[in-house]
Amino acid sequence: MSIEALEHGLVAEAPESGWLARAGVLRRLARDRVAVLAASALVFIVLGAVFAPWIAPYDPYFTDLTKVMQAPSSQHWFGTDNTGRDILSRVLYGTRNTLVLGLVGVIVGGAIGGLLGIFAAYYKRLGGWIMRLVDIMLAFPAILIGLAMAAIFGAGLSAVIIALVIATIPDVARVARGAAVGIMGQEFMEAGRAVGVSDSALIWRYLTLNCISTIFVFLTLRFGQIILIGSVLGFLGMGAQPPTAELGMMAAQGRDFLFMAPHIATIPSCAIFVIVLCANLLGDAVRDVLDPRLQT
Amino acid sequence: MARQIVHRLLISIPALLGVLFLCFCLLQVVPADPAMVIAGPDAKPETIAAIRQELGLDRSIPIQFFEYIMRLLRGDLGRSIISNKKVIEELALTIGPTVELMVGGMLIAVPIGMALGTLAAVNRGSLTDRFIMAISVAGVSMPVFFIGLILIQYVGFRWALLPFTGRTGPVWDGGLPSLILPALTLGLVLIGPIARLTRTAVLEVLGADFVRTARAKGLRETVVIVHHALRNALIPVVTLIGLQAAFLLGGAVVTETMFSWPGVGRLAVGAIVSSDFPTAQGAIMILAIAFLSINLMVDVLYVYLDPRVQST
C-alpha cells in the first residue's frame, strides 16, 4: 500500500495485498525512532497490565496499617498509600482497568460511529438525519456526558464506559463518512452496483473494508484522549469506586495526603501521563505513515 | 452576516433540545417515586394518585417534557434536595466564578500558545521547533489534575507563594491571587493544543502566494509574519480554539474540584456525588448551554474574521 495511493482517494486495491501493505507500514514505522520507543513502552505497559496478577509483588487490596504512607523503598518500589497498600501493585491493576476502559470506549464507540458514518454515506437520505444526530452528540463534551451518566446510573465503571463510547461515536462517524463518501465516488462502487451486487455486500465488502484503515488510524489518534477523559472522570469520582484500583481514582485519593506523602497522588498521575503520551506519539506516527491527511 | 448567524442559531436548536431532554431524563430517574415520598409510607393509593395528578406525573412523557421546558422558561429549576435552596439561585452564584476561571485560563493559554506555535512554524525543523512540539505533545498528554497537583504541591504548599483553596472574591476586589493557580492549571493544559494548531495554520499560510508577494515587496520579516501570515492563520486557529471549548469545560470541572473553586463544575460534581438530582441537572444544563454558546460565538467570530464567508 503506497502512500500515494492513500493520498489519492484512499485505496482501492485488492485485499490480498493487505499483509504486504502492513509489512510496509511497519517498516516505515520502524524507521521512526520516537514511534519505536513509544510502541515498546506501550507493549511493556500492556504486558504489565495483562500479567498484573502474576507480577504484582503484593495484593493490591491488602491493607497494612503498620506501613502507612511509606516513601518508595526497596520493599515497596512505589511506596505505600494511606492504608498501607502497595502502590506498585495498585498501579499495575489500575493500569489494567484504565486500559480496558479506553479500549472498550474506542472499540465499541469506533464500531458504532464507523457504521453510522458508512450508512450515512451509503444511504444519502438517511445520511442527513444521521449527521444531524451526530452534530447533537458533538454538542456534549465528554466530561459532561460522563457527569450526566454518573448522575443517571450512579457513579461506576459502566457510567464511564458509556460516556467514553458516546464521546467516541460522533468524531468517528464524521471521519468514516468522509472516507466513505470518497469511496462512493469511485468507479468500482458503480461497477458493483451495475452487476447487481446486493446493498449489504456493497456496504460490507466494498465500503467498509476500504474505510477501515482510515477509521483505525483515527481511533489510534483518539485512544490517548479517551484514556485521559476516562481517568479525569475517575479522578472526579464518577468512575471506579474504592477499593477498585483505577489510576484516576487513585490520584484523587492521594490528593488528600498530598502534603504528607506526595507520591500517593503523583505516581498514578505519572502512569496516566506516560500511557497517554505513548499512545499519542504512536498515534501521530501511525497517522504520518498511513494517512497524512488526517490532521486533528 | 446576520443571515448566517440566524442560520447557525436555528441549527443549534435541536442540540439545545437534546441537552434539555437529557436533563429532563435526569429528573426522571430519581430512584423513588416523588409522589410516594411526599405521601409518606402509610398513604392510601388514592392519596398517592391524587398527588401524582397534582404534580403532573400521570401525564405522558412528551407533555411532561413540554411542561419542564415551560418551567425552565420561567426560571424554575426546582429546589436542591440537600440545601433546599432554589437551584437557580445556587447556579447564579456559581456562574461568575466559572466564567472568571475560563477567561483567566484562555488569557494565559491563547497568547502563549499562539506565540509558541508561530515560533515553531517560522523556525520549522529547527531545534526550537522540535522542542516546542515536544512540549506541546507532552501538554496534550497531561491529565489536568496532574498539573494542578504539581502547582498545589510546589507553588501553593512548599513555596507558599499563592493561595490554592477557594476564592477570596471577584478579580477587581482582591481576588486575583486566588485565581492565578486555578487559571494557570486550566491554561497550561490548553497551551499544547493551541500551539500545535497555530503551527499547522501558520505553516500553511507561509507557503501562500501573498506571503511570497509580501516578501518580494521587501517588507521586513516581522511585518510579513505578524501582518500577513499570523492574521490569516487566525481564521483556522479561532475555529480550532472553539473546538477546544470541550477541553476548557472539562478542565474547568476538574480545576474547580481541585481548588475548591465555587463554580458550576464543582457544584455539578458535588450534586452528583450526593444524589442531589435537581441541582445536578441544573448545573449540567448550564454547562452544556455554555458549551453551545461558546461554539456559537466562535462561528460568529469566524464570519467576522473571514470576509470570504460573509460574501457567500
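In the predicted model, B:Ser260 lies in the loop that runs between helix 11 (245–258) and helix 12 (264–273) of chain B. The phi angle of B:Ser260 is near 50 degrees, a positive value in a residue other than glycine. B:Ser260 has 14 other C-beta atoms within 10 Å and is therefore partly exposed, since the partly exposed class falls between the limits of 12 or fewer neighbours for exposed residues and 20 or more for buried ones. A comparable description can be given for A:Met69, which is found in the loop between helix 4 (52–55) and helix 5 of chain A. Phi of A:Met69 is near 50 degrees, and this residue, too, is not a glycine; because 16 C-beta neighbours lie inside 10 Å, A:Met69 counts as partly exposed.

Other backbone features were found in both chains. In chain B, B:Gly218 follows just after helix 9 and takes a positive phi of about 90 degrees. Helix 9 of chain B comprises the 8 residues 209–216, and the number of these that are buried is 0, so the helix lies largely in the open. In chain A, the peptide bond that leads from A:Pro242 to A:Pro243 is cis, with omega near 5 degrees, and A:Pro243 is located in the loop between helix 10 and helix 11 of that chain.

The overall architecture of chain A is helical, with 12 helices and 0 strands. The C-alpha trace of chain A spans about 75 × 45 × 30 Å along its principal axes, and 48% of the 296 residues of the chain count as buried. When contacts in chain A with a separation of 6 or more are considered, 71% of them are accounted for by residues that are 24 or more positions apart.

Confidence in chain A varies along the sequence. The average pLDDT of chain A is 83, and 90% of the residues score at least 70. Among the elements of this chain, helix 5 (residues 87–122) has the highest mean pLDDT, at 92, whereas helix 1 (residues 3–7) has the lowest, at 36. Over residues 1–17 of chain A the pLDDT is below 50, although this stretch has 25 contacts in the model beyond near neighbours in sequence. Where pLDDT is low, the predicted coordinates should not be read in detail.

Helix 5 of chain A also takes part in a helix–helix packing, in which its partner is helix 3 (residues 33–50) of chain A. Two packed helices are described by the angle between their axes and the distance between the axes. For helix 3 and helix 5 of chain A, the angle is about 105 degrees and the axes are 8 Å apart. The two helices are therefore roughly perpendicular to each other, because angles from 65 to 115 degrees are placed in that class. On the side of helix 3 of chain A, the residues that meet helix 5 are A:Ile45, A:Val46, A:Gly48 and A:Ala49, while helix 5 of chain A brings A:Leu92, A:Thr95, A:Arg96 and A:Leu99 to the contact. By class, this contact has 5 nonpolar, 2 polar and 1 charged residues.

Between the two chains, 37 residues of chain A are in contact with 39 residues of chain B. Several helices of chain A each supply at least two residues of the side that touches chain B, namely helix 6 (124–138), helix 7 (142–153), helix 10 (199–235), helix 11 (247–255) and helix 12 (263–290). The largest share of this side, 9 residues, comes from helix 12 of chain A. When the residues on the side of chain A that touches chain B are sorted by class, 27 are nonpolar, 7 are polar and 3 are charged.

The largest nonpolar core has 168 residues, and those with the most contacts inside it are A:Ala163, B:Leu249, B:Ala268, B:Ile284 and B:Leu287. Helix 8 (residues 157–184) of chain A contributes the largest share of this core, with 18 residues. Leaving aside residues up to four places away in sequence, B:Ala268 touches A:Leu147 as well as B:Val253, B:Ala280, B:Ala283, B:Ile284 and B:Leu287.

Elsewhere in chain B, B:Tyr68 has its place in helix 4 (residues 61–73). Because 21 other C-beta atoms lie within 10 Å, B:Tyr68 is buried. From C-alpha to C-alpha, B:Tyr68 and B:Leu230 are 47 Å apart in space, and they are separated by 162 residues in sequence.

Definitions and conventions
Residues numbered from 1 in each chain as written. Chains lettered and ligands numbered in written order. Predicted model: local features only at pLDDT ≥ 70, side-chain atom pairs only at ≥ 80, totals over all residues. Core = buried A, V, L, I, M, F, W, Y, C linked by C-beta atoms within 7 Å. Helix = DSSP H or I, 4+ residues; strand = E, 2+ residues; numbered from the N terminus. Contact = placed C-beta atoms within 7 Å. Nonpolar A, V, L, I, M, F, W, Y, C, P; charged D, E, K, R; others polar. pLDDT = per-residue confidence, 0-100. Axes fitted to C-alpha atoms, helices over the stretch in contact; angles between N-to-C directions. Parallel < 35°, antiparallel > 145°, perpendicular 65-115°, else oblique.
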